[in-house]
Number of protein chains: 2
Amino acid sequence: MATRTDAPTRREQILKEAARLFAERGFHGVGVDEIGAAVGISGPGLYRHFAGKDAMLAELLVGISGQLLTGAKRRLAEADGAAAPETVLDSLIEGHIDFALDDRPLITLHDRELDRLRDSDRKLVRQLQRQYVELWVEVLREVYPELAEPAARSAVHSVFGLLNSTPHLSRRGPLPSRGATAELLHRMARGAFAAAGGQGTPAQVAREA
Amino acid sequence: MATRTDAPTRREQILKEAARLFAERGFHGVGVDEIGAAVGISGPGLYRHFAGKDAMLAELLVGISGQLLTGAKRRLAEADGAAAPETVLDSLIEGHIDFALDDRPLITLHDRELDRLRDSDRKLVRQLQRQYVELWVEVLREVYPELAEPAARSAVHSVFGLLNSTPHLSRRGPLPSRGATAELLHRMARGAFAAAGGQGTPAQVAREA
DNA sequence: CCTTCAGGTTAACGACCGCTAACCTCCCTG
DNA sequence: CAGGGAGGTTAGCGGTCGTTAACCTGAAGG
């Protein structure tokens with residue numbers, strides 16, 4: 001995957017602006033004329049590049065899910081058995097944080113507009129998301145073997161909620177630098193996992209086997 | 001606040017169903033006819049109870065924010081100076097978890113449809129939310145005095161993201177019991193705060209006895 | 001030089017949606 | 001028992017939105 005230096009194609013411009021607008025005002029809250037205006041063309045000109053408004057959302061959501069999953073698989077392959085599970089988990093967390101900080105509109109869309117997709121697209125996205133989650137669950141259970149699988153899955157979803165909170169942060173003041181924010185989020189994610197996994201207070205996980 | 005035993009009024013029925021539908025398909029994705037149908041009347045009959053579709057959303061969001069803030073203030077008053085800061089923080093977490101588990105549609109709406117409000121309503125909701133956050137920040141900084149204020153605010157937002165992830169949990173299987181889920185979320189929230197507040201990687205739990 | 005075609009344009013259609021108007025029907029109350 | 005308000009109903013208006021149709025244009029290619 002060579003780093004892109006060439007200018008973005010028109011399709012990419014449209015997708016980027018559509019993502020921003022969808023994240024700001026919701027899928028149904030944005031008209032095609034607005035999306036067109038955001039890239040300098042107007043309204044129906046978009047139909048030279050996309051089959052319809054739905055197709056834009058579909059491509060965005062499939063792209064996000066696929067990108068997250070691909071990145072996670074790559075990180076897992078790089079560590080291939082050699083590295084300690086903690087290191088792999090840290091790598092997953094780092095990748096997710098990068099994504100959450102660099103592509104906030106996409107992160108917002110990702111868990112907000114999924115239900116607006118056609119059935120087939122929605123199934124595809126759900127499948128990619130599920131694979132991503134299961135990948136985290138496996139790594140997490142290597143780090144905390146006492147953790148039961150349902151609890152691990154809940155913990156992963158919860159940490160996603162924590163990491164995906166970045167869109168809510170920016171509203172008030174520029175907040176700490178990107179690096180400091182990333183580090184804080186990373187520490188909190190590890191802390192949350194540790195609290196979930198170090199069979200802590202007692203017994204509630206054991207009870208439900 | 002006496003526990004309600006009498007039947008819900010029509011207004012309350014409408015609000016409840018509207019919240020569910022808005023959470024499922026988004027504010028713009030739901031028509032007034034659907035909301036009416038959900039409570040057994042049809043379409044324009046709603047206008048006997050609400051000034052418009054916007055008014056329903058506004059009442060929902062203001063209600064949520066107010067309820068969260070009121071509950072937190074009550075919990076803070078109950079502990080009035082006497083209790084240890086850790087206990088107060090636990091109480092806040094418990095209250096938020098109860099809300100997140102019992103009113104999932106509302107939690108979903110709360111950070112999804114805020115921008116669909118009229119300016120005045122949005123300002124009111126934002127103000128209530130801000131007060132709620134600041135209240136958490138104060139308590140958190142009593143527990144972790146080393147924590148700088150911007151970092152504390154970020155940490156609070158992130159933990160809200162963690163706790164508000166409950167809507168994502170239910171999709172696949174009924175998952176652990178409500179009690180077990182609440183306990184897991186509580187531990188993770190404390191763990192995340194501890195990791196944010198104990199400056200440095202380690203030693204954070206041991207120090208705070 | 002003619003053709004083709006990618007990538008635009010504006011006009012307009014059909015569907016949907018929020019809301020109002022006009023009307024009906026109980027039930028309560030003086 | 002009149003009557004009036006609370007809480008419905010259906011019909012329909014006005015606006016918006018996604019999409020299509022028909023047309024235009026500039027650059028590339030034989």
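## Two protein chains, two DNA strands and a cavity

By class, the lining of the largest cavity has 2 nonpolar, 6 polar and 8 charged residues (Ala, Val, Leu, Ile, Met, Phe, Trp, Tyr, Cys and Pro count as nonpolar, Asp, Glu, Lys and Arg as charged, and the others, Gly among them, as polar). Please keep in mind that this is a predicted model, where local features need pLDDT of at least 70, side-chain atom pairs count only at pLDDT 80 or more, and totals for chains, interfaces and linings use all residues. Residues are numbered from 1 along each chain as its sequence is written, chains are lettered from A and ligands numbered from 1 in the order in which they are written, and side-chain values use heavy atoms, with hydrogens and water left out.

**The cavities**

- Searching the whole structure turns up 3 cavities of 30 Å³ or more; a cavity here is a set of points, on a 1 Å grid over the protein atoms alone, where a 1.4 Å probe fits but cannot get out.
- The largest cavity holds about 80 Å³ of space, the volume being the space filled by probe spheres set on the points.
- Its lining is made of 16 residues, a lining residue being one with an atom within 4 Å of a point.
- Nearest the centre of the largest cavity are Gly26(A), Glu113(A), Gly26(B), Glu113(B) and Arg116(B).

**How chains A and B fit together**

- A turn of 180° with a shift of 0.0 Å along the axis lays chain B on chain A with an RMSD of 0.1 Å, superposed by least squares on the C-alpha atoms of residues with pLDDT of at least 70 in both.
- That is the relation of a two-fold axis.
- Both copies use the same surface, as 95% of the contact residues of chain B recur in chain A.
- In numbers, 38 residues of chain B are in contact with 40 residues of chain A, where contact means heavy atoms within 4.5 Å.
- Between them the two chains bury about 3,400 Å², 58% of it on carbon and sulfur atoms; buried area is the accessible area (1.4 Å probe) that two parts lose on being put together, summed over both.
- On the chain B side, Arg112(B), Arg187(B) and Met188(B) lose the most area to chain A, together 18% of what that side buries.

**Around DNA strand C**

- There are 15 residues around DNA strand C, and Arg10(A), Arg48(A), His49(A), Tyr47(B) and Lys53(B) come nearest (near means that a heavy atom of the residue lies within 4 Å of the strand).
- Sugar or phosphate supplies 53% of the strand C atoms within 4 Å of the protein, and bases supply the rest.
- Phosphate oxygens of strand C lie 2.6 Å from a polar side-chain atom of Arg10(A) and 2.4 Å from a side-chain N or O atom of Tyr47(B); a polar contact is a pair of N or O atoms within 3.5 Å.

**Around DNA strand D**

- Strand D has 15 residues around it, with Tyr47(A), Lys53(A), Arg10(B), Arg48(B) and His49(B) coming nearest.
- Of the strand D atoms that come within 4 Å of the protein, 52% are accounted for by sugar and phosphate.
- Arg10(B) places a polar side-chain atom 2.5 Å from a phosphate oxygen of strand D, while Ser42(B) has a backbone N or O atom 3.0 Å from a phosphate oxygen of that strand.

Methods. A polar contact is a pair of N or O atoms within 3.5 Å; within protein, one must be able to donate a hydrogen and the other to accept it, and residues adjacent in sequence count only if both atoms are side-chain atoms. On a 1 Å grid over the protein atoms alone, a cavity is a set of points where a 1.4 Å probe fits but cannot get out, and a pocket is an open set with protein on both sides within 12 Å along at least five of seven lines; lining residues have an atom within 4 Å of a point.
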